[in-house]
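This briefing introduces a structure to a reader who has not met it before. The topics are confidence, contacts between chains, and selected features of one chain.

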Amino acid sequence: MKKQTKPKLSERLRTWDAGSFDLTEAIDPDPPVPVTEYDLRAEDLPPLARLGDRQVRGFRRIYPWLAAILAAVLVTILLSAVLDLPPYGAAENPPHNEVMERYVARGLAETGAVNTVSGVILDYRAFDTLGESHVLYTAATAVLVLLLSASGGRDEPPSVRRIMEGDPILRNTARVVVPIVLLFGVYVILNGHLGPGGGFAGGAILGGGLILYVIAFGFEPMEKLISGRVYRRGITAALCFYSGAKCYSFFCGANHLETIFQNGTPGAILSAGLILPLNIAVGLIVALTMYGFYSMFQRGRI
Amino acid sequence: MTGLDVFQLLLLGGIVVCGIAACLSRNLLVCLIIFMAYSVMMSVIWVLLQAPDLAITEAAVGAGISSILLFITLKKLRDIRKKVLDEKTDETEAL
Amino acid sequence: MLQSLWENRVPVAAVVLFAVGFTTLLLHRNLLKKIIGLNIMDTAAYLFLTSLGYIAGRKPPIITDGNTDPSAYVNPLPAGLVLTGIVVSVSVTALMLALTVRLYERYHTLDLDQIYLMAKDEEEEKR
Amino acid sequence: MSFAANIPLFSIVLCLLASAVSALLRARAAAWVTRVLTALVAFGSVLVLLMGIKNGAAVTYQMGHFPAPWGNELRFGILEPLVSGIFAVVLLSCVVGGNKELQRDIEPAKQNLYFVMVDLILATLLALLYTNDLFTGYVFIEICTIASCGILMIRRLGRTTLAAVRYMIFSLIGSGMFMLGIIFLYSLTGHLLMPNLKSAVAALWASGESHTPLMMAMCLITLGLCIKSGLFPFHFWMPDTYGYSTPCSAGILSGLVSKGYIFLLIRIIRCVFGVEVFYASGIQTVLYVLGIAGMIVGSISAIRENEVFRMIAFSSAAQIGYIYMGLGLSPALGTVAAIFHILTHAITKPALFLSASRLVEVSGGRKRFKALQGAAHRDPMAGTAFAVGSLSMIGLPLTMGFIAKYLFAFAAFRENRLLLPTLLALAISTVLNTFYFARTLIRVYNTRGVTPVPPVRLRAQPGFAFAAILLMAENIACGVLAQPLIEMLTKGLSILE
């Protein structure tokens, strides 16, 4: 038995990267046909002959072994460091210091958020979160740059449309599920300061609901709600509101001025000062971006 | 060792196995499905670590949006391949 | 050794996954695999960070019944940081996937080495 | 608190707002928004700098109603506004000087998106300079990575997309390591704010407990930033990245983005690890050795290159080597020299990329050296800018490069142990630098074999002329009036801690 497993492992390692290009096999049961000049070269010649350079070929042979060794070395080094850390789950570990105590003990009074995590990310450490929504915005812009097709996506291949018009089972399921998903997303956004959730989770759920709707019914009905213009203006408005509001509260905080926002009664839906509007803005950004990603990948425009 | 500990240990073993399997699997579709399972298990671990916010976000973002994007990319790649293939057959027929 | 492995079980699993993801991101030739490796690496780091906030036997940091005693809840800060991180990793994933689509449109393969060689050929033909 | 203390926050938010609004504007309007923005940021930085010099101490700016360590903080003394001002001016000249090439390289419908990315890069550079919190640094590093990839791959060449993928892969590996380093530090100290981290790290180091994880954290953070800034042997994404992007992007990426990461590393060494701990850990020796190796290997690769853009890119790898050598040399003088070289490189490299692209443009778009024969006569302004840049890289007196090399040598004389290898490396690398820059200069000024004689002059570009004059003036002004600048750097470095 042992003799059999050993070559199997080495075989596995050798094909670890070389064999993983059966993209066609994964989704297309037909045997791969040479498609272009490049494909012809890549597939008709023996696997590594195209790499004429002997050095490259030698390097390729040791590639998987190199990978295995690197992983093993990395695991050893990191483990040696991790085993020296304070034990996991103990109450006296360094992270559980005065910072955490104030977040929990005074978070409710200072931010008005029942969910302390929301209070931390949207009030105590709001600058990080401001950066984070801009990460999403940057990525959305970069994807737009990459995938926006020159024709504006009007030459959609018919295959896309065919797949988009989902079958009756999908449509009828979507008819029931989509409203629930959207409602749940809105609930998670609005409830962010009271319970688990918040703008990011809720926005992602909303985005998922919109994507499901589009998969079932196609882009045309969605166009009435979210056109390219609505998408761009929505994101810009939400980001400007977010930056402006946070800049105002940073400025007031640094200069020891009172803001006009009140914390209200803890636990009420209209409470926690800026956290609720910020959650809505973040939710809007996330939902639009997620839908935008899908739309860009699917048809090259929004 | 309580029952929850055992459950957590099983999940931890599960994500490690899934992580390695996703990297080693040769079929890309299988690889993506394993990755989805990995994300779902990760969000359950986060529930056990008393971080429900993260669990919701990971379930929606990691297992939801990321996976949808990966699948749509795979589909897009197949479309590109099909388009090129059709053009090629058209050319040979014209000849 | 075994004792400390057990004591630090979550961070141990996290660093193992980090190493796996890291290696895949660095050395795998298939672009989609690289992206999956990236995601595994990121989530492993976040798992590590989350485990730092956990305190055995405490509740999630959502104030219930007006009890604001810090010794009743786990640490909310790592959860907040990870929330930020998850969004970062999905953004990067989307960007990498878009780059993959563009490269595949042009070279019809996902193998980075082959793409590199083809790009080099292209360059020489132009001269 | 004086009003000037609010300027860093306002600059960052203004950049973010500008980037959000530019998505709705036309390309021309977006370009003007970016130009006005960079000018405003530069002006604001001057005000902050004046305040810093007057106070003679660093100001911490509390972000919001909660004091650190609960909330975020910005922190600025002399060094940060100085660097941010120079960065903003360089960015302005890149955007103005590379405008013609931008319009050639980028589809009209996407040109406004380019300026969105540039605004975001400026915002992240400012945030990386000013932040006093490690995790904020991580978030802005990620924005910077994505936006840099954006301005790189916006040019629709296959080779550019490939370069973008490789750039992304290395950047992501770097950010992953940086993140893991932060996590290790957090698990050991429980803090993310730099001053608290510093006292906790010093206490931990003195107690000798948890030595392995602490070293691990320091190594991971340093290594992550080294990979992202392209220290040898992680420099091989550079030639493709700089060589195939549009010249404006090449200038921004080589001159500013990688320098932003190095500046963050200097901040972290000073304000997180602490000088005593870091220079006792042995990491500085690794940086020193890798820096010297990068200087030599980068220069040799540049000599072997036969394309002007890739040559400049490899020369960038060599210059990054200088900076790390200075960091590894000594905490005081060596670091001053390194920061001076950061500024030198930030001012010189964009000038080289922009002028080289003009020279290529007037030589029929071919990048090979052979095609560049006599190019400086066809566009004298580009020729002058290229000459000044090259001489500064070689280190001729009156330029910034000379002062930088002098400072490196001066720092080496104070470190007896490292005197000989440093001087030797400086000498070898200067000879190599001279070789390939002089070769190129002779090529572009030599008219032998070029028809017609005298060569036809092509129409000058006002935008490029503006940028070239701005960068050359800055270079020579800083080279001639180096003494006050060095004093400012020394003072700034001493109040950084």
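The pLDDT is the predictor's confidence in each residue, on a scale from 0 to 100. Chain B averages a pLDDT of 87, with 98% of its residues scoring at least 70. This is a predicted model, in which local features need a pLDDT of at least 70, side-chain atom pairs count only at pLDDT 80 or more, and totals for chains, interfaces and linings use all residues. Residues are numbered from 1 along each chain as its sequence is written, while chains are lettered from A and ligands numbered from 1 in the order in which they are written.

**Confidence**

- The model as a whole scores ipTM 0.92 and pTM 0.91.
- Helices (DSSP runs of H or I, at least four residues) and strands (runs of E, at least two) are numbered from the N terminus.
- In chain B, the mean pLDDT is lowest, at 84, for helix 3 (residues 52–94) and highest, at 91, for helix 2 (residues 28–48).
- Chain D has a mean pLDDT of 90, and 99% of its residues reach 70 or more.
- Among the elements of chain D, helix 16 (residues 375–378) has the lowest mean, 85, and helix 5 (residues 111–130) the highest, 94.
- Where pLDDT is low, the predicted coordinates should not be read in detail.

**Contacts between chains**

- Two residues are in contact if their C-beta atoms, placed from the backbone, lie within 7 Å.
- Of the five pairs of chains that touch, chains A and C share the most contacts.
- That contact takes 58 residues from chain C and 57 residues from chain A.
- On the side of chain C that touches chain A, helix 4 of chain C gives the most, with 17 residues.
- The residues of this side of chain C comprise 36 nonpolar, 15 polar and seven charged; Ala, Val, Leu, Ile, Met, Phe, Trp, Tyr, Cys and Pro count as nonpolar, Asp, Glu, Lys and Arg as charged, and the others, Gly among them, as polar.
- The contact between chains D and C takes 22 residues from chain D and 29 residues from chain C.
- Helix 7 of chain D supplies the largest share of the side of chain D that touches chain C, namely 16 residues.
- Chain B and chain D are joined by no contact, and their closest C-alpha atoms lie 16 Å apart.

**The strands of chain D**

- Strand 1 (residues 59–63) and strand 2 of chain D run antiparallel and are joined by five bridges; strands pair if DSSP finds at least two bridges between them.
- Within this arrangement, Gln62(D) stands opposite Glu73(D).
- In strand 2 (residues 72–76) of chain D, five of its five residues are buried, a term for 20 or more other C-beta atoms within 10 Å of a residue's own, with 12 or fewer being exposed and values in between partly exposed.
- Asn72(D), Leu74(D) and Phe76(D) point one way from strand 2 of chain D, and Glu73(D) and Arg75(D) the other way.

**Helices and Ser281 of chain D**

- The axes of helix 11 (residues 247–273) and helix 15 (residues 333–362) of chain D come within 7 Å and cross at roughly 170°.
- These two helices are therefore roughly antiparallel, the term for angles over 145 degrees.
- Their contact holds twelve nonpolar, six polar and two charged residues.
- Ser281(D) lies in helix 12 (residues 275–281) of chain D and touches Met215(D) and Met218(D), not counting residues up to four places away in sequence.
- Ser281(D) counts as partly exposed because it has 18 C-beta neighbours inside 10 Å.

How values were computed:
Axes fitted to C-alpha atoms, helices over the stretch in contact; angles between N-to-C directions. Parallel < 35°, antiparallel > 145°, perpendicular 65-115°, else oblique.
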